[in-house]
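Q: Hi! Could you walk me through this model? I'll throw short questions at you as we go.

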Amino acid sequence: MGLFIRRLIDNINHILNNNRYKNRNNLMNINNLTVSFDTADGEIKAVDNVSFSLEDGEILALVGESGCGKTVLCKSLMGLLPENALVTAHDMVNENLQVNRRFAMVFQNPFTALDPTMRIGKQIEEAIRIKNKKFNRVQVKTRVCELLEQVGIDNPKERSRLYPHELSGGMRQRVVIAIALAADPQILLADEPTTALDVKTQAQILSLLKQLNRETGMSMIFVSHDLYVVSQIADRVVVMKDGRIVENGSVQQIFETSKSEYTKKLLEAARIIHGDKSNNEDYKA
Ligand SMILES: Nc1ncnc2c1ncn2[C@@H]1O[C@H](COP(=O)(O)OP(=O)(O)O)[C@@H](O)[C@H]1O
Ligand SMILES: [Mg+2]
């Protein structure tokens, strides 16, 4: 067995040993979800008859190369698709999802996700008020500080007065995660949340997401094109290609016994990018 695969499996075993949600309930089933776009060049099918389930407290990774439909799938769950999108046969059974406490999304680019003209505290406040309409000023401010601390930002009172440009990429992504947490979601959709960040910051954000999953028990759909990153965080992996699911299995199955040529290709791509560096401590989430 190659050294790279060995390291991936070590990552996975670490996750399995830390898995505190062994007897999980089914939280949501997506059945036969198809999303097409009506464009000037005709219909584009971005998500093609996709079915999968998500369990309570689980981190499910959605993996595939650029353009395979990962973001469109997440946006369809959030109800964030543009007008030219057509969602068909979308049968989402979610008997265990609570009303008003469903999804929040963290996007790929923390540099565009925040309003540059507004202090970060104010942006978090807005998200808190949407969820907690009856909170008074003091309650909102207290919640802002709690959320900033929860995402690992110290001195929250002073920091909440900063503007996005005064923060590093990693700090901005922490703020974006705080805004998502303000909605008190049952499921966090994290769409390539570390792709725009350097390797060290990437590991820190992965570690934060894992910690939030453990502390709050919220489920996560973690989107990535990178199987190495996925090996550090996911319980289960859904591999997508051209809008379809090609494989769905535990991380261990995907890495150790995958039969799909496409998955092997993704694994090889991850090895080329990370192979010689993944034993570096900076890399570890
Ligand atoms: N608003 C849109 N109109 C037309 N096509 C779109 C739109 N948004 C996404 N697509 C297409 O859907 C496919 C999947 O895109 P996306 O979900 O963004 O891929 P990724 O897996 O990289 O996140 C791509 O072919 C993309 O061009
Ligand atoms: Mg995307």
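Q: Great, let's start with strands. How many bridges join β7 to β8?
A: Five bridges link β7 (residues 187–191) to β8, and the two strands run parallel. Helices (H or I, at least four residues) and strands (E, at least two) here are DSSP runs, numbered from the N terminus.

Q: Before I go on, what kind of model is this?
A: This is a predicted model, where local features need pLDDT of at least 70, side-chain atom pairs count only at pLDDT 80 or more, and totals for chains, interfaces and linings use all residues. Residues are numbered from 1 along each chain as its sequence is written, while chains are lettered from A and ligands numbered from 1 in the order in which they are written.

Q: Thanks! Which residue in β8 is the bridge partner of Asp191?
A: That is Val223. Strand β3 (residues 59–63) is also joined to β8 by five bridges, again running parallel, and Ala61 stands opposite Phe222 there.

Q: Is β8 mostly covered or exposed?
A: Mostly covered: six of the six residues in β8 (219–224) are buried, meaning 20 or more other C-beta atoms, placed from the backbone, lie within 10 Å of a residue's own (exposed is 12 or fewer, partly exposed in between).

Q: And which way do they point?
A: Ser219, Ile221 and Val223 point one way, with Met220, Phe222 and Ser224 pointing the other way. In a regular strand, side chains alternate between the two faces of the sheet.

Q: What does Ile221 touch?
A: Leaving aside neighbours within four places in sequence, Ile221 is in contact with Leu54, Leu60, Leu62, Cys74, Ile187 and Leu189. Contact means C-beta atoms, placed from the backbone, within 7 Å.

Q: How many residues are in the largest nonpolar core?
A: There are 72, and Ala178, Ile221 and Phe222 have the most contacts inside it. Such a core is a set of buried Ala, Val, Leu, Ile, Met, Phe, Trp, Tyr and Cys residues joined through C-beta atoms within 7 Å. Helix α7 (residues 169–182) gives the largest share, eight residues.

Q: Why does this core lie between the domains?
A: Because domain 1 (3–102 + 188–283) and domain 2 (115–184) both give residues to it. The domain bounds come from an automatic or database domain assignment.

Q: Switching topic: which residues are closest to ligand 1?
A: Phe37, Ala46, Lys70, Thr71 and Val72 are the closest of the 14 that surround ligand 1; a residue counts if its C-beta atom, placed from the backbone, lies within 6 Å. The largest share of that shell, three residues, comes from α2.

How values were computed
Two residues are in contact if their C-beta atoms, placed from the backbone, lie within 7 Å. Two strands pair if DSSP finds at least two bridges between them.
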